[in-house]
There are 2 protein chains.
Amino acid sequence: MLSKNKIKWIRSLEWKKFRKEEESFLAEGRKLVGDLLGHFDCRLLVATEEWYASHPTAQADERIVVDREELSRASLLKAPQEVLAVFRQPSYVCAPEVMLDELCLALDDVQDPGNLGTIVRIADWFGIRHIFCSPATADLYNPKTVQATMGAMARVQLHYGPLVPLLEDLPAEVPVYGTFLDGDDLYAQPLSAAGLIVMGNEGNGISAEVARHINRRLLIPNYPKGAPTSESLNVAVATAVVCAEFRRTVSR
Amino acid sequence: MLSKNKIKWIRSLEWKKFRKEEESFLAEGRKLVGDLLGHFDCRLLVATEEWYASHPTAQADERIVVDREELSRASLLKAPQEVLAVFRQPSYVCAPEVMLDELCLALDDVQDPGNLGTIVRIADWFGIRHIFCSPATADLYNPKTVQATMGAMARVQLHYGPLVPLLEDLPAEVPVYGTFLDGDDLYAQPLSAAGLIVMGNEGNGISAEVARHINRRLLIPNYPKGAPTSESLNVAVATAVVCAEFRRTVSR
């Protein structure tokens, strides 16, 4: 049985204020919950009997059995599946020196939750484990973002904080890449196996203060070069093309 | 003045049935409407005085002046801007033989309107002018798709129809590419300047009937190869990585 208060508490996790207070987030669906269990502390499981039967070892502080109708009252999805879970937000610690050894991403105010989720999925695909996010970047724990990561958030760590001090304190040998419409052809540059790639806001790109710290300015060339075209690619799409090229050249 | 009937008519274009009956579609916003005017027949313009003042040559069968409050009653957007327009759907004719000379895309049931809009924008960036869409692919003229194309739909033509007969009738020398999780490394293949790239449904990929006609099976390798990772990339993201690689190798 799911009490009214419990439903209210679950649904409040749609709002960042409550997610912060509770240091928790909501995930829904058989595949996603299955991917996140074991990676994050589970505070609450709300699922059908069939789900529990097929997941006998699933651990949570509290487990509630519901039918589908009850579940749909707590769900934020249009088409609720047989399980939802509330997880504790993890706290990660990551020294910026990781960029000496690994390729990392930084997001300068990426605002759309769906774009952020897609970028986390891209990072996972291309073996990028750390994403540094400006404070105005969409919240990873927004339920829309959580769903869009398709489970990739179990393997990629996001670190929120101002980017300028981070960039100011970086060891000088860390290459800092960014994409600009007047940058240099991505395919004519030496790309490194470690360093930082900065991606900007959907409408305004990379902010001036952050851009000052970028020492390798890249452009994804359109085709044929100079043809009239869209003014830009979607930020998640651009992230994918750039990451694919970094990994292609390094793994040859 | 915007009559109740006119508002109802405009808003009815959210629905495919009405868009088909009216052979029309809705576009909103200064930038998008500006990009589409001159490319599509404009049936109706609804805009503020300031917008008309800055677009003195804008042609339409009917022009209505409104204030922002009136505009918001007709708008489907959360944050309506100063103009919306209803355009006539164009009718394109395209012989499949175009694939002998140009790189084209085919979409096998891409269902999300946002993904479709993003793919149109990607096609435009990479100089792909024709996209062949299965009947169950999202409708280009869905207002969400129109907005997501960011104007790229002015330069890319979409052709809806069953893919299997199209593929059956292709000249044998047209290479037909598709991405599969068990395909061959994208970066170890010769890629051509003309031909067809098939992208599949978000959940199920390329259908078996279509897959039978694909003679070059591609995989976007993850990094490091074989690492545990997300099961797949978003379809628009995969389209971008594949198109970028085709254009990179051809333009070298």
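Start in chain B of this predicted model by selecting its open sheet: 4 strands lie in the order 1-4-2-3, and their pairing is mixed. Colour strand 1 (24-28) and strand 3 (62-65) of chain B, which stand at the edges; each has a single partner strand, so one side of each is left without a neighbour in the sheet. Turn the view and follow the twist, which averages 10° from one strand to the next.

Now select helix 1 of chain B, residues 4-12, which packs on this sheet. Helix 1 touches strand 1, strand 2, strand 3 and strand 4 (83-88) of chain B, and its direction makes about 115° with that of strand 2 of chain B.

Stay with strand 2 of chain B, residues 42-47, and bring strand 3 of chain B back into view: the two pair in the parallel sense over 4 bridges. Which residue of strand 3 is the bridge partner of Leu45(B)? Label Arg63(B) and you have it. As background, strands of a sheet pair through backbone hydrogen bonds, either parallel or antiparallel.

**Further along chain B**

Next, select strand 8 of chain B, residues 176-185. On one stop, look for strand 9 (residues 195-199) of chain B: 3 bridges join it to strand 8, and the two run parallel. Val176(B) is the residue to label here, standing opposite Leu196(B) of strand 9. Then show strand 10 (residues 216-219) of chain B, which pairs with strand 8 of chain B over 5 bridges, again in the parallel sense. For this pair, label Tyr177(B) and find Arg216(B) of strand 10 opposite.

**A helix pair in chain A**

Move to chain A and select helix 6 (residues 113-125) together with helix 10 (residues 235-251). Their axes are 9 Å apart and the packing angle is about 10°. With that angle under 35 degrees, helix 6 of chain A is roughly parallel to helix 10 of chain A. The crossing of helix 6 and helix 10 of chain A is right-handed.

Which residues should you show as sticks for this contact? From helix 6 of chain A, pick Asn115(A), Thr118(A), Ile119(A) and Ile122(A); from helix 10 of chain A, pick Val235(A), Ala236(A), Thr239(A) and Ala240(A). Colour them by class and you will find 5 nonpolar residues, 3 polar ones and no charged ones.

**Where the chains meet**

Show both chains and select the residues in contact: 35 from chain A and 35 from chain B. How much area is buried between chain A and chain B? The value is about 3300 Å², and carbon and sulfur atoms give 60% of it. On the chain A side, pick out Arg121(A), Trp125(A) and Tyr223(A); these supply 26% of the area that chain A buries against chain B, more than any other three residues.

**Backbone details to finish**

Keep Tyr223(A) selected and add Pro224(A): the peptide bond from one to the other is cis, with omega near -15°. Pro224(A) sits in the loop between strand 10 (216-219) and helix 10 of chain A. Then go to chain B, where a cis peptide bond joins Tyr223(B) and Pro224(B), with omega about -15°. Pro224(B) is in the loop between strand 10 and helix 10 (235-251) of chain B.

For the last stop, select Met150(A), in the loop between helix 7 (143-148) and strand 7 (157-160) of chain A. Met150(A) is not a glycine, yet its phi is positive, about 50°. Why do these spots earn a visit? Because most residues other than glycine have a negative phi, and most peptide bonds are trans.

Technical notes: Residues numbered from 1 in each chain as written. Chains lettered and ligands numbered in written order. Predicted model: local features only at pLDDT ≥ 70, side-chain atom pairs only at ≥ 80, totals over all residues. Heavy atoms only, no water. Pairing = 2+ DSSP bridges. Axes fitted to C-alpha atoms, helices over the stretch in contact; angles between N-to-C directions. Contact = heavy atoms within 4.5 Å. Parallel < 35°, antiparallel > 145°, perpendicular 65-115°, else oblique. Left-handed = near helix turned anticlockwise from the far one by under 90°. Nonpolar A, V, L, I, M, F, W, Y, C, P; charged D, E, K, R; others polar. Buried area = accessible area lost by both parts, 1.4 Å probe.
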